[in-house]
Amino acid sequence: MLLVSVLVFALLHAAPGGPLSVYLENPGVRPEDIERLRRALGLDQPLATQYLRWLAAFVRGDWGFSLSDGRPVAERMLERAPATLELAATSLVMALLAAVPLGVRSAVRRGGWVDRIGSVAALTGVSLPVFWFGLLLQLSIAIGLGWLPSSGRSSAFEGGAADRIRHLILPGIVLAAVHAAAWSRYLRASMIGILSQRFILAGESRGVPHRRLMLRHALRNAAGPLVTVVLLDAALLVSGAVVTESVFAWPGLGGLFTEALARRDYPVLMAFLMVTSVAVIMLNLLADLAHRVLDPRTR
Amino acid sequence: MTRRADRGTLLALVVATILVTFALFAPWIAPHAPDAIDLAGRRASPSTAHWFGTDDLGRDLFARVLFGARVSLAIGVLAAALTVALGATVGTVAGWTGRWIDALLMRIADALLAMPRLPLLMITSVILRPGVALLIVLVAAVGWMETARVVRAEVRSLATRGFVEAARAVGAGAIWSMWRHVRPNVMPTLVVATTLAVGRSILLESALSFFGVGVQPPTASWGNMLYQAQATMATEPWLAFFPGVAIVISVLTVNALGERLDLPKKGSDSN
């Protein structure tokens with residue numbers, strides 16, 4: 001985590017003109033003012049000191065001010081967070097709803113048509129550029145057929161729940177696609193591993209109903225590793241959210257990131273990178289814990 | 001391997017050959033120059049004269065997709081090669097030397113793995129405004145960690161095996177041991193890693209260019225063609241369609257190849 005913060009700090013300083021670039025490029029600001037600002041902001045201190053101060057401020061929640069509207073970065077990010085969480089949760093549910101039945105079915109009827117279609121779909125899913133998939137859905141379903149809204153989180157004059165849900169569907173699908181593809185294959189592989197074990201054979205020979213055996217015994221054992229993988233994919237989810245939110249004009253953190261990118265709003269960009277990296281690390285730790293709790297052998 | 005898998009491999013190889021041929025011979029295949037502007041024939045939908053239609057400057061989209069293939073595929077292949085070379089080097093050094101060098105390199109890998117790849121690349125691109133060459137380096141710089149981990153594990157397990165220890169005992173140097181004993185053992189892993197990295201690199205390049213921070217116009221890459229197409233998508237959908245199809249086909253092909261290459265290895269884990 002410390003290394004991540006060092007990397008982010010290094011990036012911040014590699015930005016053209018350093019942290020004062022906006023002022024350097026502004027002809028109305030005199031050089032002596034820049035010098036004064038530099039001293040006031042502590043930029044004449046050695047890098048190590050600056051780094052420690054920046055880190056201390058960051059931990060306290062002081063993430064600097066946005067270059068585009070002057071508001072605190074933390075405030076801007078907080079107001080965007082709920083939309084992203086809503087989208088992420090939706091796509092997580094969608095991805096699991098697609099991946100779990102597909103993975104189980106593919107493993108139980110290996111080589112059957114579900115398995116074959118699943119394998120092609122999974123390969124396609126991981127090969128699709130997320131943004132292009134989003135554009136296609138927008139073009140066909142939203143613009144072409146007019147079934148669902150093409151962008152935003154709600155319509156201007158109706159803010160009801162149904163409207164909100166309609167706005168969620170397309171971005172949810174796009175964000176879920178990559179994960180559903182990868183997770184279904186993963187679940188299939190771990191299910192196949194479990195099905196070849198002796199307790200399944202034992203269950204079968206004792207006349208445990210097939211369905212019950214697959215769902216209660218096999219899936220239960222395969223679910224643990226899947227939870228770990230889902231948590232470990234958090235970094236991928238962040239990248240996906242940036243793209244998806246931008247394509248669908250979703251007013252979340254990813255959208256904020258691309259807006260900041262277009263405006264070269266470095267404080268926002270760095271805070272985003274820092275916060276998401278910390279979140280990913282936390283989720284990875286959680287994955288470790290989940291693995292330990294769910295798999296009795298590691299206790 | 002079943003016959004089905006063989007057919008799949010063959011298909012993927014054929015498609016890959018066609019793609020590379022198209023990219024290499026683009027100037028001879030393309031019916032129009034990729035940057036020939038024809039203002040009278042702007043925004044034309046696909047026809048026999050312009051198979052994929054034309055863009056807002058009347059440039060032939062088929063020609064642009066062909067020439068875009070050169071940029072996108074070159075970035076994909078070179079970035080993948082660099083990714084794996086970097087990963088193999090780091091992994092070998094870490095696995096062979098052990099101790100603090102190993103710890104340091106692996107912590108760097110952990111840190112980079114924790115940072116979401118696309119946003120990290122986007123920020124770096126905004127700061128450095130890279131040309132194609134630097135873009136390749138950047139894509140490799142955020143992608144080498146997985147290979148490094150795998151290679152490190154292999155090197156570590158090999159370094160303690162009898163035949164490598166024996167080589168050291170008779171005075172073989174570190175580099176010789178690597179080349180003679182470790183390289184053949186990690187080669188299959190590296191081939192698969194490279195293939196999969198090609199697909200990932202093409203996707204990363206297209207995403208960066210789609211956000212306007214990757215390959216810059218007038219150079220055509222599939223990603224920046226989509227970036228330009230986004231604004232007029234409702235009226236000229238073909239501009240958004242064909243470059244995307246090109247991306248999907250190429251990435252699908254290399255991923256399919258990677259998956260097939262991976263199969264025999266899993267079958268013979270016993271050696």
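1. Let's start with Met122(B) in this predicted model. Setting aside neighbours within four places in sequence, Met122(B) is in contact with Leu208(B), Phe211(B) and Val213(B), and also with Leu261(A). Keep Leu261(A) in mind, as that name comes back below.

2. Met122(B) also has a place in the largest nonpolar core, which has 138 residues. Ala177(A), Leu269(A), Met122(B) and Ala207(B) are the members that touch the most others there. As background, in soluble globular proteins nonpolar side chains tend to be buried together.

3. Now look at how the two chains meet. The contact takes 34 residues from chain A and 36 residues from chain B. Which helix gives the largest share of chain A's side? That is α13(A), with 7 residues. Helices that each supply at least two residues of this side include α1 (2-14), α6 (113-127) and α12 of chain A. By class, the side of chain A that touches chain B has 27 nonpolar, 6 polar and 1 charged residues.

4. Two of these helices are worth a look together. The axes of α12 (residues 253-263) and α13 (residues 266-294) of chain A come within 8 Å and cross at roughly 140°. The crossing of α12(A) past α13(A) is left-handed. On α12(A), the contact is made by Leu253(A), Leu256(A), Phe257(A), Ala260(A) and Leu261(A), and on α13(A) by Val268(A), Leu269(A) and Phe272(A). This contact of α12(A) with α13(A) has 8 nonpolar residues, with no polar and no charged ones.

5. Here is the link back to the start: Leu261(A) takes part in the contact between α12(A) and α13(A), and Leu261(A) is also in contact with Met122(B).

Methods. Residues numbered from 1 in each chain as written. Chains lettered and ligands numbered in written order. Predicted model: local features only at pLDDT ≥ 70, side-chain atom pairs only at ≥ 80, totals over all residues. Axes fitted to C-alpha atoms, helices over the stretch in contact; angles between N-to-C directions. Helix = DSSP H or I, 4+ residues; strand = E, 2+ residues; numbered from the N terminus. Left-handed = near helix turned anticlockwise from the far one by under 90°. Contact = placed C-beta atoms within 7 Å. Nonpolar A, V, L, I, M, F, W, Y, C, P; charged D, E, K, R; others polar. Core = buried A, V, L, I, M, F, W, Y, C linked by C-beta atoms within 7 Å. Buried ≥ 20, exposed ≤ 12 C-beta atoms within 10 Å, placed from the backbone.
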